[in-house]
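The following exercises ask the reader to work from a model to a reasoned description. Each task is followed by a solution in steps.

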Amino acid sequence: MSKAQSRSPLLDLAFGYMPAQMIHAAAELGIADALAGGPKTSAELAGETGAHAPSLHRLLRGLAGLGVVEQKERDLFALTAEGQRLRTDASDSIRSLVRLFCGPDVWRSWGDMTETLRTGEYAWERATGMTPFEFFESPSNAELSATFNAAMSEHTRAVAPGIIEAHDFGRYGTVADLGGGDGTLLAALLHAHPDLRGLLFDQAPGLTAASGTLAGVADRVEIVAGDFFKDVPGGADAYVLKSVIHDWDDEKATAILRNCRAAMRPDARLLLLEQVMPEIVTPETQGVVRNDLNMLVCTGGRERTEAEFRRLLDAAGFADASLTGPIAPFGYHIIEAGPVG
């Protein structure tokens with residue numbers, strides 16, 4: 001007699017798109033916000049979210065199976081502790097991250113991965129007709145741009161405490177955050193170090209919410225709109241780039257770093273806040289590998305090994321690179337270097 005076949009764990013991985021889209025639908029509809037005040041029926045939730053009640057009931061049962069909601073009665077649902085993180089107002093919210101990375105444009109880009117692997121050309125531009133940066137700067141995509149900026153802020157808010165603990169930012173007089181978006185990281189640095197001054201630098205669309213984020217430290221920060229492919233403001237003691245270099249191929253990444261080098265005094269420091277690709281991948285390092293694949297299909301950038309970062313820095317005129325990390329909870333490293341000469 002033949003033995004019964006065991007269920008392949010690959011099936012759960014292959015069908016992972018199902019829970020991803022269930023959670024995305026919950027985030028998109030605002031289910032967690034609607035449940036913030038306590039348990040509700042599917043009809044009550046449908047009325048608040050504009051959904052079809054019988055269909056929503058079926059989703060809610062699925063979310064109960066994922067631990068996002070708890071089914072109190074046949075048609076009464078409440079948020080779990082993890083489900084609270086889909087609330088817009090949660091301090092540890094991931095709602096915008098889910099809406100961005102499970103949204104239609106990233107979704108289509110991942111769905112076109114096979115063509116990217118055949119051609120080496122990233123999928124986002126095929127899917128949208130624009131580079132991701134052109135896409136989010138377009139006035140016609142203002143709502144999606146707001147979601148992108150909110151998602152970046154959510155992620156930065158999660159990693160900022162570990163970064164602040166891992167490096168002595170108090171030794172600087174002024175820190176410039178290049179590509180810093182709404183200023184979430186810079187605000188955290190300035191709150192942690194009352195004598196520190198900051199400069200926030202990004203393209204104008206990325207700075208839309210910066211004045212609100214930095215309101216509590218406005219007297220110690222300068223907000224400057226610009227393009228780091230053209231030039232970078234001078235005068236800072238440290239130049240921070242968080243999750244910037246991984247967006248670009250080596251040529252463009254080197255151009256950014258050379259502009260930083262040109263703006264820096266001899267005693268200034270460059271601080272790259274990035275994940276570092278291990279030379280040998282293990283199951284524990286799958287996060288950075290998946291991020292690398294996301295760069296492959298969405299931006300044309302890449303995650304880099306320590307050796308690859310050192311080559312970039314050397315080509316751009318930096319030396320004496322050192323690495324601190326990995327830093328919980330997402331395994332970031334602080335790559336510090338100084339200008340040559």
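A contact, as the term is used below, means heavy atoms within 4.5 Å. The model is predicted.

**Exercise 1. Describe the surroundings of leucine 323.**

Solution.
Step 1. Locate the residue: leucine 323 belongs to strand β8, which covers residues 318-327.
Step 2. Assign its exposure. Partly exposed denotes a relative accessible area between the limits of 20% and 50%. Leucine 323 has a relative accessibility of 27%, so it counts as partly exposed.
Step 3. List the contacts, leaving out residues up to four places away in sequence: leucine 323 touches Val276, Glu306, Arg310, His333, Ile334 and Ile335.
Step 4. Take one further pair as a distance check. Threonine 184 is separated from leucine 323 by 139 residues in sequence, and their C-alpha atoms are 23 Å apart.

**Exercise 2. Which peptide bonds, from glycine 325 to proline 326 and from alanine 328 to proline 329, are cis or trans?**

Solution.
Step 1. For glycine 325 to proline 326, omega is near 5°, and the bond is cis. Proline 326 is part of strand β8.
Step 2. For alanine 328 to proline 329, omega is likewise near 5°, and this bond is cis. Proline 329 sits in the loop between β8 and β9, the latter spanning 332-339.

**Exercise 3. Characterise serine 243 and aspartate 320 by phi and by exposure.**

Solution.
Step 1. Read the backbone angles. Serine 243 has phi near 55°, a positive value in a residue other than glycine. Aspartate 320 has phi near 60°, also positive in a residue other than glycine.
Step 2. Place the residues. Serine 243 lies in the loop between β6 (238-242) and α14, whereas aspartate 320 lies in strand β8.
Step 3. Apply the cut-offs: buried is under 20% and exposed is over 50%. The relative accessible area of serine 243 is 15%, so serine 243 is buried. Aspartate 320 reaches 66% and therefore counts as exposed.

**Exercise 4. What lines the second largest pocket, and which residues lie nearest its centre?**

Solution.
Step 1. State the volume: the second largest pocket has about 220 Å³.
Step 2. Identify the lining. It consists of 13 residues, and those nearest the centre are Asp249, Asp250, Arg302, Arg304 and Glu308.
Step 3. Trace the lining to helices. At least two residues come from each of α14 (250-263), α15 (286-298) and α16 (306-316). The largest share, 4 residues, is supplied by α16.
Step 4. Sort the lining by chemical class: 7 residues are charged, 3 are polar and 3 are nonpolar.

**Exercise 5. Why is the protein described as being as compact as a globular protein of its length?**

Solution.
Step 1. Begin with the secondary structure, which comprises 16 helices and 9 strands.
Step 2. Compare the radii. The radius of gyration is 22 Å, close to the 20 Å given by the globule rule for 341 residues, so the protein is as compact as a globular protein of that length.
Step 3. Add the extent: along the principal axes, the C-alpha atoms fill a box of roughly 70 × 60 × 40 Å.
Step 4. Consider burial and surface. Of the 341 residues, 46% are buried. The protein exposes about 17000 Å², with carbon and sulfur atoms supplying 54% of that area.
Step 5. Examine the contacts. Among those between residues at least 6 apart in sequence, 61% join residues at least 24 apart.

Key
Residues numbered from 1 in each chain as written. Predicted model: local features only at pLDDT ≥ 70, side-chain atom pairs only at ≥ 80, totals over all residues. Heavy atoms only, no water. 1 Å grid on protein atoms, 1.4 Å probe; cavity = no way out; pocket = protein on both sides within 12 Å on 5 of 7 lines; lining within 4 Å. Points joined across faces, edges and corners; volume = space filled by probe spheres on them. Nonpolar A, V, L, I, M, F, W, Y, C, P; charged D, E, K, R; others polar. Rg over C-alpha atoms; globule rule 2.2 N^0.38 Å. Buried < 20%, exposed > 50% of the residue type's maximum accessible area, 1.4 Å probe, protein only. Areas by Shrake-Rupley, 256 points an atom, 1.4 Å probe, with all protein chains shown as cover.
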